[in-house]
2 protein chains.
Amino acid sequence: MNESVKRPTGRHHGDLRRALEQAALELVAENGPGGFTLAEASRRAGVSVAAPYKHFADRGALLAALVLRGYTEQRERYRTAMAARPDPAGQLAAFAEAYVQFAADQRALFELTFAAGLDKARYPDLVEAGSSLLELLDAPARTLRGDGAQARGLVLAVAASAHGQAVFLLEGVLADQPDPLAQARRQAASAAKALTDAYGQTPPASKTAP
Amino acid sequence: MNESVKRPTGRHHGDLRRALEQAALELVAENGPGGFTLAEASRRAGVSVAAPYKHFADRGALLAALVLRGYTEQRERYRTAMAARPDPAGQLAAFAEAYVQFAADQRALFELTFAAGLDKARYPDLVEAGSSLLELLDAPARTLRGDGAQARGLVLAVAASAHGQAVFLLEGVLADQPDPLAQARRQAASAAKALTDAYGQTPPASKTAP
DNA sequence: GTCTATAGCTGGATAGAC
DNA sequence: GTCTATCCAGCTATAGAC
């Protein structure tokens with residue numbers, strides 16, 4: 001992918017901002033979340049270490065931009081995956097499957113959203129974007145369970161299960177399986193279904209409206 | 001920050017090795033897995049930056065020791081928690097609960113086992129110790145499902161769900177709940193039960209315990 | 001918008017005295 | 001086993017030229 005164009009380090013980029021983000025992602029993919037440095041990303045983008053500061057306030061700003069992109073991309077994916085299903089239970093399962101798929105497709109982006117190590121107080125937008133992801137599950141969960149607290153429980157159960165499968169997949173826990181990705185996807189989906197069924201059994205004496 | 005505390009920096013420790021590990025854990029607890037440096041740990045232990053090298057080959061060796069300790073401690077906890085239950089399903093639930101509890105009690109140790117960023121090829125012992133954790137679930141899972149592949153699925157489903165709950169708890173996703181820890185524990189346990197029930201429905205014609 | 005140059009800092013690791 | 005001293009590397013960020 002990266003042609004051996006060893007930039008004489010003097011050319012201007014069409015979109016340095018994007019190039020830096022891309023380089024950062026590669027670094028994270030190769031060396032983990034802690035493996036990203038502004039200096040190395042600059043080198044890979046073929047610019048000096050000073051150039052990034054025209055596009056990002058500091059190192060953290062670049063990371064924050066990536067995390068935000070990660071959330072946005074996830075949201076879009078999950079929304080699409082869920083929209084393809086008519087039934088609430090199917091939507092929850094679709095989410096779980098898409099969650100695992102995203103972790104596999106965009107490993108660096110996925111890891112960053114959980115391990116960027118950013119000061120949450122300094123980037124409140126990210127917290128917002130993160131919680132908006134789980135909100136996608138509110139509609140189907142409420143359709144199934146009505147009550148707020150119990151619906152919330154179902155949302156968390158499905159998401160937690162999917163997250164665990166995703167982490168296990170990336171961490172190599174499933175390495176002994178024939179097709180780890182397919183395995184994780186299937187597991188996440190069927191766990192979502194099982195959790196939905198189990199939780200759906202207990203509407204505590206009908207809808208307890210607040 | 002603490003420069004006023006000018007350690008005489010000349011005293012000998014009873015157990016520097018342990019003191020360094022402890023300081024490292026505090027660093028991770030405060031600043032995340034990436035927040036650990038040998039230099040800062042040395043400062044906190046009240047010794048020079050050269051001292052650690054008499055106890056650890058390098059920075060990675062200290063981290064590896066911690067990760068190993070984390071696995072050992074987890075194993076012991078899970079074993080104990082499971083031993084208190086007579087039924088396989090209860091054992092799986094007990095594991096899930098204990099898993100969340102460990103993450104809460106030993107946050108730094110828990111985070112390190114997943115984000116130490118160690119070269120797995122260089123520390124094969126850690127991989128071994130890690131997978132031995134899930135093996136604790138094999139016995140109850142096999143009792144419930146007999147078949148190897150299906151039992152494996154149940155093991156992974158329960159563990160993944162527990163892991164997700166633990167991460168959500170630490171990440172603050174449950175911050176809007178009254179008692180996040182209790183919530184996560186309960187959720188992990190009941191999810192384990194739900195998954196056990198669902199997966200237990202399809203035993204390949206072997207003896208299924210009630 | 002990008003470069004060169006640089007300041008300032010922190011960390012990992014080693015050598016040799018005690 | 002611990003210290004002092006030191007080296008070297010790498011990163012972040014800024015200033016000023018073009």
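In this predicted model, 20 residues surround DNA strand D, and the closest of them are A:R43, A:Y53, B:S48, B:K54 and B:H55. Which part of the strand do the protein atoms meet? Of the atoms of DNA strand D that come within 4 Å of the protein, 63% belong to sugar and phosphate.

So much for the overall picture; what kinds of residues make up the surface near DNA strand D, by class? There are 9 nonpolar, 7 polar and 4 charged residues in that surface. Helix α2 of chain A, which covers residues 38-45, supplies the largest share, with 3 residues.

Now let's zoom in on the phosphates. Here are some polar pairings between chain A and phosphate oxygens of DNA strand D:

| Residue | Protein atom | Distance to a phosphate oxygen of DNA strand D |
|---|---|---|
| A:A39 | polar backbone atom | 2.9 Å |
| A:Y53 | N or O atom in the side chain | 3.0 Å |
| A:R59 | backbone N or O atom | 3.1 Å |

A:Y53 is worth a second look, as this residue is also listed among the closest to the strand.

Next, the two protein chains. Turn chain A by 180°, with a shift of 0.0 Å along the axis, and it can be laid on chain B with an RMSD of 0.0 Å. The two copies are thus related as by a two-fold rotation axis. Which residue of chain A comes closest to that rotation axis? It's A:S161, with its C-alpha at 2.0 Å.

And how do the copies meet? They do so through the same surface, because 100% of the interface residues of chain A are also interface residues in chain B.

Terms used: Residues are numbered from 1 along each chain as its sequence is written. Chains are lettered from A and ligands numbered from 1 in the order in which they are written. This is a predicted model: local features need pLDDT of at least 70, side-chain atom pairs count only at pLDDT 80 or more; totals for chains, interfaces and linings use all residues. Side-chain values use heavy atoms; hydrogens and water are left out. Copies are superposed by least squares on the C-alpha atoms of residues with pLDDT of at least 70 in both. Contact means heavy atoms within 4.5 Å. A residue is near a molecule or strand if one of its heavy atoms lies within 4 Å of it. A polar contact is a pair of N or O atoms within 3.5 Å; within protein, one must be able to donate a hydrogen and the other to accept it, and residues adjacent in sequence count only if both atoms are side-chain atoms. Helices (H or I, at least four residues) and strands (E, at least two) are DSSP runs, numbered from the N terminus. Ala, Val, Leu, Ile, Met, Phe, Trp, Tyr, Cys and Pro count as nonpolar, Asp, Glu, Lys and Arg as charged, and the others, Gly among them, as polar.
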